[in-house]
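Hi everyone, thanks for making time this morning. I'd like to walk you through one model, going from the whole chain to a couple of helix pairs and then to a single residue.

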Amino acid sequence: LDANWDDFSLAIEAVREAQKAVQSISDRMHTFVGGIFVHRSRAHPKSMLDAKAARELPSYTSLSTDRMVMLMSKESVDPASIKDVKDVLRRNFTDLRRAFRQYATSPNGISFEGLLRFYQDCKLRSSDFAPHHLEALFSQHAGATAAAERTLAPAGFVELLVQCANLRFRGVTDGLNDQLSCLIEQHLKPFACQRQECLFQLVSYDQKVRRVFEENGTELHMVFQLYSEIEATGKATQKVNTMSKTEFMMLLAHCDMIDGEFTEAAAHELFEGIQCGVYGVDMEQGLHVNELAYSEFLDGLVAVTAFKLPDPFRPFHERVA
C-alpha cells in the first residue's frame, strides 16, 4: 500500500472530481426541470429550441432602436420600450418563426403576395390599417428592386410586424410592446397558418392567374395609377396610392363592363365584397374605407371576370387573360 500510495491518491482525487461533476450536473438538471414546471404552472411553458432554431433566434428578436426610429418616428418609438418589444419577440419566437416559414414564397423570404396572405389570414384589416398601408410598409422595406427580388428576410418581417402593430393598435394602447402583444395574441396565434380558404381566394391566388397579372403588370399598374389620380386633385398625397369606388366604377364603365347582367348595383356589391369578404371582415362593422389598394384592384379584376365570363369549361386564368 505504501509503495502505491501516490497512485491511490490520484485515483481518489479523480473519483472526487467525478462526483463533484455529477453533483453539479444533477443540481443544474433539478434547477432546469424546476424552472420548466414553474413556467407550466403559470401557463407559460418554455419552448425547447433545437440547434437550428437557436441560430435563427437573433434574426427574429434583434431590433435596432435607431432603425425603428428611422422607419417610424421618434413620437412612435420610445427607446426604452424597445427592450420590452424584444422580450415579446423572444417569448413568441416559435410562433413568429412558424408564420414566417408558412408564408415565405421563396428561399429568400416573404414576397408581398405572401405578406398579403398573412394579412388576410390574420384578419388584420381595419380602418387604420388597410391593404394600401401594407403595400407602403412593404415598399419601405423591400425598396424599388425588381419584383422577383422584393422579399423580406426574418429581420425585415419582424420590423414590419412592429410597424403593423403600431398602425393597427395605436388607438387601443400606447406602448409598442403592448401593441405587438395585441397583434400576436389576438391575430397571429389564433389565425396564422390556419387558412380558412374561400373559393375566391383559391381562384384569385392561383399561380396561373397570378402569372397573367405578372405578364401584364406594366399595363395594369399604369391603368391603376391613371384612375387612382382622377380624384387626387386637392386631396392627400396618399390618395394617389388607392382607387376609390367612384374611380373603380368609372373604369368599369369605360371598359363597357356594366350591362344588364353585371349591373351598377352588382358592381357596388362587388366593391364591398373585395374589401370585406376577402379579408374576413364583417361589412356591418364599417371597417371598409371605400378605397382599393393595388392588390385589391387585382382581386376586383378576378371578381369581374367571374361575373362576365362564367364559362365553367374554360380555365379561369384564360378568362382573366
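Let me start with a definition: a residue counts as buried when its relative accessible area is under 20%, and as exposed when that value is over 50%. Please also keep in mind that what you see is a predicted model.

With that cut-off, how much of the protein chain is buried? Of its 321 residues, 41% are buried. The accessible surface of the protein chain adds up to about 18000 Å², and carbon and sulfur atoms account for 54% of that. As for secondary structure, the chain has 16 helices and 2 strands. For those of you who like contact maps: take the contacts between residues at least 6 apart in sequence, and 62% of them join residues at least 24 apart.

Now to the helix pairs. Two packed helices are described by the angle between their axes and the distance between the axes, and I'll do just that.

First on my list are helix α7, residues 131-142, and helix α8, residues 154-169. Their axes cross at roughly 145° and come within 11 Å. The crossing of α7 and α8 is right-handed. Which residues make this contact? From α7 we have His133, Leu134, Leu137, Phe138, Gln140 and His141, and these meet Gly156, Glu159, Leu160, Gln163, Cys164 and Leu167 of α8. Sorted by type, the α7 and α8 contact has 6 nonpolar, 5 polar and 1 charged residue.

Next come helix α12, residues 217-228, and helix α13, residues 245-254. Here the axes lie 9 Å apart, and the packing angle is about 120°. Why do we call this pair oblique? Angles of 65 to 115 degrees count as roughly perpendicular and those over 145 as roughly antiparallel, so at about 120° α12 and α13 are oblique to each other. This crossing, too, is right-handed. On the α12 side, the contact involves Val223, Tyr227 and Ser228, while α13 contributes Glu247, Met250, Leu251 and His254. That contact splits into 4 nonpolar, 2 polar and 1 charged residue.

Finally, let's zoom in on Asp66, which sits in helix α3, residues 65-71. Is Asp66 buried or exposed? Its relative accessible area is 65%, so Asp66 is exposed. If you'd like a distance to check in your viewer, try Asp66 and Val77: they are 11 residues apart along the chain, and their C-alpha atoms are separated by 9.5 Å.

That's my tour, and I'm happy to take questions.

How values were computed. Residues numbered from 1 in each chain as written. Predicted model: local features only at pLDDT ≥ 70, side-chain atom pairs only at ≥ 80, totals over all residues. Heavy atoms only, no water. Helix = DSSP H or I, 4+ residues; strand = E, 2+ residues; numbered from the N terminus. Buried < 20%, exposed > 50% of the residue type's maximum accessible area, 1.4 Å probe, protein only. Axes fitted to C-alpha atoms, helices over the stretch in contact; angles between N-to-C directions. Parallel < 35°, antiparallel > 145°, perpendicular 65-115°, else oblique. Left-handed = near helix turned anticlockwise from the far one by under 90°. Contact = heavy atoms within 4.5 Å. Nonpolar A, V, L, I, M, F, W, Y, C, P; charged D, E, K, R; others polar. Areas by Shrake-Rupley, 256 points an atom, 1.4 Å probe, with all protein chains shown as cover.
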